[in-house]
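Student: I've got a model open and I'd like to go through its charged pairs. Can we talk about how the labels get assigned?

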Amino acid sequence: MTGQVMWPEVRAVCFDLGGTLVRPEAVATTGQVADVLGISLDEARALMGKGAKRRLVTPQGLAHELAADFGRPALADRLAEVLERARRRAENPQLYADVPDMLAELRARGYALYAMTNALGSSVPEQDPPAFRELLDGVFYSARTGAIKPEREAFAAVERTGGLRPGELLHVGDSMNADVRGAAAAGWHMAWVDRHRTTGPLMLAASTPRLHSLNTLPLLLPARAAAGTITSEVAG
């Protein structure tokens, strides 16, 4: 869906990070942790969602916690290596080629720009990387807000910081559950990023565009952001 202007009331756009703005690793950190522990990816996701994505922790600290929880202290060093690499990647994110110009255009039009991610507390950098500071008004990490997408509170954190109503926000992400359904439940507008051109039946509302590239996003937004005063300060 391109060329059709949508969301005239939107004042701010919030993006997912991995898979949307940032190139992910072939195997996500949670998957690598699952491999080391010898558990399924679903088990690892459930485990991380209970605690590790809701609080700040060092890579070494989380590695020892996980090894102890599974009664396998000898795995602590291997887990620490995985988590340290993830922290270094988060400090130097590799953006997709279509991201910088798209964000620059939206900022020039007056939109506030945020990112929101379900991040392991061990992967959250002490300061936002230069690329984010230059291109975004703020990044919301689940390990700082204590809430993970698709939970309503994750989206509410952005609303409070920006002084925005749900209908004034557009969320753009690649996860059908965390991003699309989460934003819909929060009353936000949403766009689904499908960089890999998913095949098969899709349960996607007609009001939710499917984007294969972020180059098309500006075509769907009005030439200027909806009027209003936006506060662009992210609480720690």
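Tutor: Sure, start with accessibility: buried means under 20% relative accessible area, exposed means over 50%, and partly exposed is in between (1.4 Å probe, protein chains only). This is a predicted model, where local features need pLDDT of at least 70, side-chain atom pairs count only at pLDDT 80 or more, and totals for chains, interfaces and linings use all residues. Residues are numbered from 1 along each chain as its sequence is written, and side-chain values use heavy atoms, with hydrogens and water left out.

Student: Why is arginine 165 called exposed?

Tutor: Its relative accessibility is 56%, and the cut-off is over 50%, so the label fits. Glutamate 168 comes out at 6%, so that one counts as buried.

Student: What makes glutamate 168 and arginine 165 a salt bridge?

Tutor: The rule asks for a side-chain nitrogen of Lys or Arg within 4 Å of a carboxyl oxygen of Asp or Glu. Here N to O is 2.9 Å, so the pair passes. Shared partners also join Arg11, Arg165 and Glu168 into one network.

Student: How do you know that arginine 109 is buried?

Tutor: Arginine 109 has a relative accessible area of 13%, and buried means under 20%, so there you go. Its salt-bridge partner, glutamate 105, has its closest O 2.6 Å from the arginine N; glutamate 105 is partly exposed at 35%.

Student: Why is arginine 89 called partly exposed?

Tutor: Arginine 89 sits at 29%, in between the two cut-offs, so it's neither buried nor exposed. Glutamate 25, which forms a salt bridge with arginine 89, gets the partly exposed label at 33%.
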